[in-house]
Amino acid sequence: MKVVIVGAGSVGSSIARELLAHKHEILLIDLKPEVIGRSGLRGAHWLVGDACELSTLQGAKVEDADVVVSATGDDKVNLVVSLLAKTEFGVGRTVGRVNNPKNDWMFNDSWGVDVAVNTPQLMTALVEEAVEIGDLVRLLTLQTGVSSLVEFTVPHDSHVIGRTVGDIRWPEDATLVAILRDHAPITPSRDDVIDGGDELFFVTTIAAEDDLRALLSPEAAESPGTAGAEGAPQPAGVRAAQQAPEDDGFDG
């Protein structure tokens, strides 16, 4: 896989190092030639230039890339690069780094961003995921802010313990995609029984997170209608996209 990474700072270099270890072809673009020598990256290709300029992206043959990662410390640059990569070069997948959480809403398909990575938000989620048992924790925002990957650690007194996956009426727009048990991932089937301490991972729409949180809360134990009819698994899919805030400003 060919990956173009814009920004060879600590974040961009770390991404490149991991991808090189997995034998991917990496091209890094940065304005500062001195980063090449201090990066310590072996096997990567380099291009010194302004990635917001079409000529630089043309020189990088971005149209041949499978993925373009905008990993600079400037949100404006990351948005422009993603937009150019998507609209001018037809790149199949773009990943944009969000530096200021206030700009998160702008990193969507309107700006050519397929996946937005909000580092402060992700770090907060990972901290919460480590300590919050019994609460739904959002790990990542996916599909340009429409969907998310969330995690729920089942408390040992939860009402879902002992029930099968197919016996629970999950929200329509939430899909259970994995169960982590004893450090081993399990692909869930309708016959899998939920146990205390299980980590449940869902792909869900942002709008459906509250429904999922309500279903898994202790208060839902006495609520009727949480089991599917005759144990039938419920359909899951993505509904209409969540509306972005009506704000055309930019927080730098």
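## Helix α1 and two odd backbone angles

The buried residues in α1 of this predicted model are G12, S13, A16, L19 and L20.

**Exercise 1.** Work out where the buried residues of α1 fall when you look down its axis.

*Solution.* Start with the helix itself: α1 covers residues 10-21, which makes 12 residues. From first C-alpha to last, α1 reaches 17 Å, close to the 16 Å expected at 1.5 Å a residue. Next, recall the general rule: an α-helix has 3.6 residues a turn, so residues three or four places apart point the same way. Now take G12, S13, A16, L19 and L20, the buried set. Down the axis of α1, the buried residues fall within an arc of 130°, so they line one face of the helix. Then check the other side of α1: S10, E18 and A21 are exposed there. Last, ask what sits over the buried residues: the cover includes β1 (2-6), β2 (25-30) and α2 (34-39).

**Exercise 2.** Find where K61 and H183 sit, and decide whether each is buried, partly exposed or exposed.

*Solution.* First the background: most residues other than glycine have a negative phi. K61 isn't a glycine, yet its phi is positive, about 50°. Look for K61 in the loop between α3 (54-59) and β4 (67-70). Its relative accessible area is 48%, and exposed needs over 50%, so K61 is partly exposed.

H183 isn't a glycine either, and its phi is positive at about 70°. You'll find H183 in the loop linking β9 (174-181) and β10 (184-186). With 79% relative accessibility, H183 counts as exposed.

Terms used:
Residues are numbered from 1 along each chain as its sequence is written. This is a predicted model: local features need pLDDT of at least 70, side-chain atom pairs count only at pLDDT 80 or more; totals for chains, interfaces and linings use all residues. Side-chain values use heavy atoms; hydrogens and water are left out. Helices (H or I, at least four residues) and strands (E, at least two) are DSSP runs, numbered from the N terminus. The expected span of a helix is 1.5 Å times one less than its number of residues. Buried means under 20% relative accessible area, exposed over 50%, partly exposed in between (1.4 Å probe, protein chains only). The arc is that of the directions from the helix axis to the C-beta atoms. Contact means heavy atoms within 4.5 Å.
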